[in-house]
Amino acid sequence: KSWKQKNLSQLLPNKVQKTFMKELKKQLRKQIAQEKKSQSTIQLTKHSIALLDQLEQHPHFIVAKTVLLYHSLPDEVQTHAFVEKWYQAKKILLPVVVGDRLELRHYTGKGCLQEGAFHIEEPSGEAFTDYKTIELSIIPGVSFDKAGNRLGRGKGYYDKLLPFLQSYNIGICYQFQARETIPAEPFDQAMDEVWTEAGRWH
């Protein structure tokens, strides 16, 4: 069904096509949000631990000295303990919402955190802009598909950040969020790999 929807959208005029794709993405976000409500906090914690246990054994993570992570919201794969575990062994960068874009900052411990946009705890300090030194980026998403396409929250934060990165990019989400295909547009940048608690999805 999703492939038919995607192919149909390509035959529509640009303005209609954009509206069509926007609606498809909106429906998928709503569907996944409903599925997430059926998951207990304990289940999501177990899934997060299982996923991140696999990621820390990944060859790209093992060799990376500078890693872009994220400080998770309650409905995302939970990264707080993972960030805390690794920040002394590797340079861990976390994104901070500044206006309509993401700014990267170096995480140096809980003392550097302050509440930012969306009530996310974000590191204070100067912006990190040496993008070429980031070897691995671990990117959250509402959904990912078998081709590595990512569905975000619709704000476009990562769409603006990803073109600056030269890193190996791994998307992560829970298995119930993963799909065979999701609506994708030309500007969407696919991940190099996608992982869930069940293993590699792409």
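How many residues lie between strand 2 and strand 3 in their hairpin? Two residues sit between these strands, and Gly99 in the turn has a positive phi of about 65°. Before you start clicking, keep in mind that this is a predicted model.

**Stop 1: the hairpin**

Select strand 2 (91–98) together with strand 3 (101–106). The two strands pair in the antiparallel sense, with six bridges between them. To see one rung of this ladder, show Leu94 and its bridge partner in strand 3, Arg105. Then colour Gly99 to mark the turn of the hairpin.

**Stop 2: the whole sheet**

Now widen the selection to the sheet. Seven strands make up an open sheet with mixed pairing, in the order 3-2-1-6-9-10-11. Strand 3 and strand 11 (199–200) stand at the edges; each has a single partner strand, so one side of each is left without a neighbour in the sheet. You can walk along this order from strand 3 to strand 11, and the next stops take up some of the pairings on the way.

**Stop 3: strand 6**

Select residues 136–140, which form strand 6. Is this strand enclosed or open to the outside? Five of its five residues are buried, so strand 6 is largely enclosed by the rest of the structure. Both of its faces are covered: Leu136, Ile138 and Pro140 are buried on one side, and Ser137 and Ile139 are buried on the other.

Next, add strand 1 (residues 66–68), which runs parallel to strand 6 and is joined to it by two bridges. Leu68 has Ser137 as its bridge partner in strand 6.

Stay with Ser137 for a moment. Its relative accessibility is 0%, so Ser137 counts as buried, the cut-off being under 20%. Show side chains here and you will find a polar contact of 2.8 Å between Ser137 and Ser167.

**Stop 4: strand 9**

Move on to residues 168–172, strand 9. Four of the five residues are buried, so this strand too is largely enclosed by the rest of the structure. Strand 9 pairs with strand 6 in the parallel sense, over five bridges. Two places to look are Ile138, whose bridge partner in strand 9 is Ile170, and Ile139, which stands opposite Gly171.

Which side-chain partner does Asn169 have in a polar contact of 2.7 Å? The partner is Ser167, the residue whose side chain also makes the contact with Ser137. Asn169 belongs to strand 9 and, at 2% relative accessibility, counts as buried. Displaying Ser137, Ser167 and Asn169 together brings both contacts into view.

**Stop 5: on to the far edge**

From strand 9, step across to strand 10 (residues 193–196); these two strands run parallel and are joined by three bridges. Ile170 turns up again here, standing opposite Glu193 in strand 10. Strand 10 then pairs with strand 11 in the antiparallel sense, over two bridges. Look for Thr196, which stands opposite Gly199 in strand 11.

**Stop 6: the largest pocket**

Leave the sheet order and turn to the largest pocket, which has a volume of about 900 Å³. Which residues lie nearest its centre? Select Arg150, Gly152, Arg153, Gly154 and Lys155, which hold that place among the 39 residues of the lining.

Then colour the elements around the pocket. Helix 2 (14–37), strand 2, strand 5 (121–123), strand 8 (150–151) and helix 6 (157–161) each supply at least two lining residues. The largest share, seven residues, comes from helix 2. If you colour the lining by class, expect 18 nonpolar, six polar and 15 charged residues.

**Stop 7: a cavity**

How many cavities of 30 Å³ or more does the model hold? The count is one, and the volume of this largest cavity is about 40 Å³. Select Arg150, Asp159, Leu162, Asp188 and Gln189 to show its lining. By class, these residues are one nonpolar, one polar and three charged. Arg150 may look familiar, as it was one of the residues nearest the centre of the largest pocket.

**Last stop: two cysteines**

Finish by selecting Cys112 and Cys173. Cys112 is buried, with a relative accessible area of 9%, and Cys173 is buried as well, at 1% relative accessibility. There is no bond to look for between sulfur atoms, since the structure holds zero disulfides.

How values were computed. Residues numbered from 1 in each chain as written. Predicted model: local features only at pLDDT ≥ 70, side-chain atom pairs only at ≥ 80, totals over all residues. Heavy atoms only, no water. Disulfide = S-S within 2.5 Å. Buried < 20%, exposed > 50% of the residue type's maximum accessible area, 1.4 Å probe, protein only. 1 Å grid on protein atoms, 1.4 Å probe; cavity = no way out; pocket = protein on both sides within 12 Å on 5 of 7 lines; lining within 4 Å. Points joined across faces, edges and corners; volume = space filled by probe spheres on them. Nonpolar A, V, L, I, M, F, W, Y, C, P; charged D, E, K, R; others polar. Pairing = 2+ DSSP bridges. Polar contact = N/O pair within 3.5 Å; in protein donor to acceptor, adjacent residues only side chain to side chain.
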